[in-house]
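Student: Could you take me through one part of this model in detail, and then show how its surroundings are put together?

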Amino acid sequence: MATTFLEDAARTQAAEAVAAIESQTAAEVVVSVRRASGDYAHTDARLGAAVAFVMLLVLLFIPQEVHLFAFPPVVLLAYAAGVMGGRLLPSLRRALTPRKLQEDSVRTAAKAAFTELGVSHTSRRTGILVFVSLFERRVEVVTDYGVDTSLMGAEWQDALTQLSAALTASTAPEPFLQALRRIQAPLSRVLPRLEDDVNELPDMPGAVA
């Protein structure tokens, strides 16, 4: 299997996992993968400002004499370097972005994707979106009205916990897909597949945006 969610082989494996789940349940599962749920440009700007401030202090206090005309371009270059550093180092950018903001961004993007991908258009309102946001390393699951998660109890909650934990621990798709299959048991118990069930939504994950 591919080593990242961006590979076609990984998407194929995800489609197979979705098909296996739907073979046992009336729920319609859709997996959507995004590189990031927000642009977090303010994080880059703050990092750039911090680097520029440090550079300004260096220029002010180094023993060597620096001409005043050198200050503006050097500080501006330091700012640009900080901004680029945030964009090129996702782990640093993630660490500097408040967790609450990341959670809110993923939740908002998942709700938008739920509508955009037509997950709410199933005949029995049994659509489930498993939204994967790679930068934030978070999984948000959005369910339609026909999926009563309260009936699935601790088994469902444990499956969701395993999904998030798999993505937090590794960006490789294998652990995530193993965890994804865990939602089959509670779904098949509460929403067993009916004889007249048809596949209303695509099993293949959407293209990464």
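Tutor: Happy to; we can start from one side chain and work outwards.

This is a predicted model, in which local features need pLDDT of at least 70, side-chain atom pairs count only at pLDDT 80 or more, and totals for chains, interfaces and linings use all residues. Residues are numbered from 1 along each chain as its sequence is written, and side-chain values use heavy atoms, with hydrogens and water left out.

Let's begin with Gln102, which sits in helix α5, residues 99-116. Helices (H or I, at least four residues) and strands (E, at least two) are DSSP runs, numbered from the N terminus. Gln102 counts as buried because its relative accessibility is 7%; buried means under 20% relative accessible area, exposed over 50%, and partly exposed in between, with a 1.4 Å probe and protein chains only. Its side chain comes to 2.9 Å from the backbone oxygen of Thr97. That is a polar contact, meaning a pair of N or O atoms within 3.5 Å; within protein, one must be able to donate a hydrogen and the other to accept it, and residues adjacent in sequence count only if both atoms are side-chain atoms. Setting aside residues up to four places away in sequence, Gln102 touches Tyr40, Arg94, Thr97, Glu136 and Arg138, where contact means heavy atoms within 4.5 Å.

Tyr40, one of those partners, deserves a look of its own. Tyr40 lies in the loop between β1 and α2 and is buried, because its relative accessibility is 2%. Its phi is near 50°, a positive value in a residue other than glycine. Most residues other than glycine have a negative phi. Arg125 also has a positive phi, near 55°. Arg125 is in the loop between α5 and β2 (127-133), and at 31% relative accessibility it counts as partly exposed.

On the other side of the Tyr40 loop we meet α2. Helix α2 (residues 41-61) packs with helix α3 (residues 71-88) at an angle of about 145°, their axes 7 Å apart. Here axes are lines fitted to C-alpha atoms, for helices over the stretch in contact, and angles run from 0 to 180 degrees between N-to-C directions. Among the residues that meet are Leu47, Val51, Met55 and Leu59 in α2, and Val74, Ala78, Gly82 and Gly86 in α3. The contact divides into 15 nonpolar, four polar and two charged residues; Ala, Val, Leu, Ile, Met, Phe, Trp, Tyr, Cys and Pro count as nonpolar, Asp, Glu, Lys and Arg as charged, and the others, Gly among them, as polar.

An unreviewed UniProt entry lists residues 45-62 and 68-89 as "transmembrane region"; such annotations may be inferred rather than shown by experiment. In the model, residues 45-62 are 94% helix and 0% strand, with end C-alpha atoms 26 Å apart. Residues 68-89 are 82% helix and 0% strand, and their end C-alpha atoms are 32 Å apart.

Back along the chain is Ser32, in strand β1 (residues 28-34). Ser32 is buried, with a relative accessible area of 1%. Leaving aside neighbours within four places in sequence, Ser32 contacts Leu117, Leu129, Val130, Phe131 and Val132. Ser32 and Ser133 are 101 residues apart in sequence, yet 8.5 Å apart in space, C-alpha to C-alpha.
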